[in-house]
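Hello,

Here is the structure I promised to pass on. Have a look at it first, and then read on for what turned up.

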Amino acid sequence: MAQEQSRPADFDRWGYELTPISNVPGHDVGIQLIDRPPGGAATPHSHPDGHEWVYCISGSMMLTIGDNPAKELKAGDVEYLPPNVVHFGRNVTNETVKLILFRVKPHDKPLFKFA
């Protein structure tokens, strides 16, 4: 399994482990729960050839994907982050944002590539 280079800043995470997908050779899947504190922001990054979906459980944050303007991601929203596209989120509120991330990535690629 490819090792994570590092992780974006300013979040706590639990229960994340990549697992091979038995019927998709060479790919791993992972789910992650994140609490992003007030003012917390991810370092701009992409996922080499990896797909990511983010679901906002509670709170709201601003999410920037590629060259698009930042958009609000609020409780109940889900967003797809395509492979190799730089993205980052930042919590501009006074409340912790709770997110679930779901990723599918090639086994031999790193999880993050920082912009």
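Strands here are DSSP runs of E with at least two residues, and they are numbered from the N terminus. With that in mind, reading along the sequence gives the pattern β-β-β-β-β-β-β-β-β-β-β: the protein chain has 11 strands and zero helices.

Please keep in mind that this is a predicted model. The average pLDDT of the protein chain is 88, and 86% of the residues reach at least 70. One stretch to treat with care is residues 1-10, where pLDDT stays under 50. The model still has 34 contacts beyond four places in sequence for residues 1-10.

A few overall values, before the details. The protein chain has 115 residues, and 37% of them are buried. Among its contacts with a separation of 6 or more, 70% are between residues 24 or more positions apart. The accessible surface of the protein chain is about 6,100 Å², and carbon and sulfur atoms account for 55% of that.

Now to the aromatic side chains. How many aromatic pairs does the structure hold? There are three. In one of them, the ring centres of Trp53 and Phe102 are 5.6 Å apart and the planes meet at 50°, so this pair is tilted. Trp53 belongs to strand β5 (residues 51-58) and Phe102 to strand β10 (residues 97-106), so to speak two distant parts of the chain, 49 residues apart, that the pair links. Trp53 is partly exposed at a relative accessible area of 32%, and Phe102 is partly exposed as well, at 31%.

Another pair is made by Phe112 and Phe114, with ring centres 5.8 Å apart. Their planes are at 25°, so this pair counts as stacked, the cut-off for stacking being under 30 degrees. Phe112 is buried, with a relative accessible area of 2%, whereas Phe114 is partly exposed at 27%. Back at Trp53 and Phe102, there is a further ring to include: Trp53, Tyr80 and Phe102 form one aromatic cluster.

That cluster leads on to the surface. Which residues make the nonpolar surface patch of about 730 Å²? They are Ile31, Leu33, Trp53, Tyr55, Ile57, Val78, Tyr80, Ile100 and Phe102, so the list takes in each member of the aromatic cluster, Trp53, Tyr80 and Phe102. Strands β3, β5, β8 (78-81) and β10 each contribute at least two residues to the patch, and β5 has the largest share, with three. Leu33, one of the patch residues, lies in strand β3. Its relative accessibility is 33%, so Leu33 counts as partly exposed and passes the patch cut-off of over 30%.

Finally, the charged side chains. The count comes to five salt bridges, and I will go through some of them here.

- Lys98 and Asp35 meet through their side chains at 3.0 Å, N to O. Lys98 lies in strand β10 and Asp35 in strand β3 (residues 27-36), so this salt bridge ties together parts that are 63 residues apart in sequence. Lys98 is partly exposed at 31% relative accessibility, while Asp35 is buried at 13%.
- Lys71 forms a salt bridge with Glu79, and their closest N and O atoms are 2.8 Å apart. Here Lys71 is partly exposed at 39%, and Glu79 is buried at 16%.
- Lys74 forms a salt bridge with Asp77, with 3.5 Å between the closest N and O atoms. Lys74 is partly exposed at 42%, and Asp77 is partly exposed too, at 22%.

If you open the model, you could begin with strand β10, which takes part in several of these features: Phe102 in the tilted pair, Lys98 in the salt bridge to Asp35, and at least two residues of the nonpolar patch.

Happy looking, and all the best

Methods: Residues numbered from 1 in each chain as written. Predicted model: local features only at pLDDT ≥ 70, side-chain atom pairs only at ≥ 80, totals over all residues. Heavy atoms only, no water. Phe/Tyr/Trp six-rings, centres within 6.5 Å; stacked < 30°, edge-to-face > 60°. Helix = DSSP H or I, 4+ residues; strand = E, 2+ residues; numbered from the N terminus. Buried < 20%, exposed > 50% of the residue type's maximum accessible area, 1.4 Å probe, protein only. Salt bridge = Lys/Arg side-chain N within 4 Å of Asp/Glu carboxyl O. Patch = residues over 30% accessible without salt bridge, like charges linked within 9 Å, V, L, I, M, F, W, Y side chains within 5 Å. Areas by Shrake-Rupley, 256 points an atom, 1.4 Å probe, with all protein chains shown as cover. pLDDT = per-residue confidence, 0-100. Contact = heavy atoms within 4.5 Å.
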